[in-house]
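I opened a fresh page for this one and went through it a piece at a time. Here are my notes, in an order that should be easy to follow on screen.

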Amino acid sequence: MTLTLTVNGQEHELAVSPHTPLLNVLRNDLALNGPKYGCGLGECGACSVLIDGMAARTCVLPVSAAVGHNVITLDGLASNGQLDPVQQAFIEAQAAQCGYCLNGMIITVRALLNHNAQPSAQQIRTALEHNLCRCGTHVEILQAAQLAVDLNASRLQEPLHE
C-alpha cells in the first residue's frame with residue numbers, strides 16, 4: 001500500500017503497511033534520526049514528534065494515523081538555518097548527558113510552547129513528567145525548558161524580515 005506522509009514540510013510517498021509504527025518509517029524509510037527507540041511502549045518519550053503541533057509517541061502510533069497531518073521531527077525544528085528556541089535553550093543550558101532522551105524533551109517543550117507561550121514552572125514540570133531521563137539531568141532539563149520559554153518569547157517579539 002502507498003501512503004503519503006508530510007514530514008518536516010516535505011511529502012513522501014511510501015510503500016509501507018498502514019500498521020507499521022511511525023517510528024520505524026521515520027528512522028528506516030526516511031533516515032530521520034531525531035526520534036529514538038526507547039521503550040517501545042509509548043512511555044518514555046524518546047520517540048516523540050510533533051503532529052499538527054502536538055507531541056505524539058511514534059513507537060505506538062501506526063503510520064496511517066499520521067496521513068493527512070503535518071509531522072515535525074527534531075530534524076525539522078530548525079528554520080532557515082536557525083535553531084528552534086527550544087533547541088537553542090537545551091544547548092545553552094547544557095541539558096544533556098547521554099542525550100538519548102533529548103528528542104522527547106525538546107519535542108515536548110516545543111509542543112507546550114505551541115499551546116502556551118508562557119507556561120509556569122509547574123506547567124513545564126507537568127508537561128515533562130512522562131518523559132524519562134535515565135541519566136538524571138532533570139534539573140538541567142527544567143532549566144533549559146524555562147530558558148526556552150524566554151528565548152521563544154524573544155523570538156515571537158522579533159520583527160519579521162521581508
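**Entry 1: Asn-152**

I began with Asn-152, which counts as buried because its relative accessibility is 5%, under the 20% cut-off. This is a predicted model, so I read every value here as computed from it. I placed Asn-152 in helix α5. What does the side chain of Asn-152 make a polar contact with? I found the side chain of Arg-110, at 2.8 Å. Setting aside neighbours within four places in sequence, I listed Pro-85, Arg-110 and Leu-113 as the residues in contact with Asn-152.

**Entry 2: Val-86 and helix α2**

Next I followed the chain back to Val-86, which lies in helix α2. Val-86 counts as buried because its relative accessibility is 0%. Leaving out residues up to four places away in sequence, I noted that Val-86 touches Ile-106, Val-109, Arg-110, Leu-113 and Ala-148. I also checked a C-alpha pair: Val-86 and Leu-147 are 61 residues apart along the chain, and their C-alpha atoms are separated by 8.0 Å.

Then I looked at the rest of α2. Pro-85, Val-86, Gln-87, Ala-89 and Phe-90 are buried there, and the cover over the buried residues of α2 includes α3 and α5. Which residue caps the N-terminal end of α2? I found Asp-84 in that role, with a side-chain oxygen 2.9 Å from the backbone nitrogen of Val-86. Following α2 comes Gln-94, and I wrote down its positive phi, near 50 degrees.

**Entry 3: the cores**

I turned to the largest nonpolar core, which has 24 residues. Val-86, Phe-90, Met-105, Val-109, Leu-128 and Ile-141 are the members that touch the most others. Which helices each supply at least two residues of this core? I ticked off α2 (85-92), α3 (102-115), α4 (121-128) and α5 (138-157). The most comes from α3, with eight residues. As background for my own margin, nonpolar side chains in soluble globular proteins tend to be buried together.

I picked Met-105 for a closer look. Apart from its neighbours within four places in sequence, Met-105 is in contact with Phe-90, Leu-128, Asn-131, Leu-132, Cys-133 and Ile-141. I also logged a second, separate core of 16 residues, with Leu-5, Leu-14, Leu-32 and Ile-51 among them.

**Entry 4: α3 against α4**

How far apart are the axes of α3 and α4, and at what angle do they pack? I have 10 Å between the axes and an angle of about 130 degrees. That makes α3 oblique to α4, since the angle falls outside the roughly parallel, roughly perpendicular and roughly antiparallel ranges. I noted the crossing of α3 past α4 as right-handed. From α3, the contact is made by Met-105, Thr-108, Val-109 and Leu-112; from α4, by Gln-123, Ile-124, Ala-127 and Leu-128.

**Entry 5: Thr-20**

My last stop was Thr-20, in the loop between β2 (10-15) and α1 (22-29). Is Thr-20 buried or exposed? I have it as buried, because its relative accessibility is 18% and the cut-off is under 20%. The side chain of Thr-20 reaches the backbone oxygen of Ser-17 at 3.0 Å. Not counting residues up to four places away in sequence, I found that Thr-20 touches Val-25, Leu-61, Pro-62 and Val-63.

How values were computed: Residues numbered from 1 in each chain as written. Predicted model: local features only at pLDDT ≥ 70, side-chain atom pairs only at ≥ 80, totals over all residues. Heavy atoms only, no water. Core = buried A, V, L, I, M, F, W, Y, C linked by side-chain atoms within 4.5 Å. Buried < 20%, exposed > 50% of the residue type's maximum accessible area, 1.4 Å probe, protein only. Helix = DSSP H or I, 4+ residues; strand = E, 2+ residues; numbered from the N terminus. Contact = heavy atoms within 4.5 Å. Polar contact = N/O pair within 3.5 Å; in protein donor to acceptor, adjacent residues only side chain to side chain. Axes fitted to C-alpha atoms, helices over the stretch in contact; angles between N-to-C directions. Parallel < 35°, antiparallel > 145°, perpendicular 65-115°, else oblique. Left-handed = near helix turned anticlockwise from the far one by under 90°.
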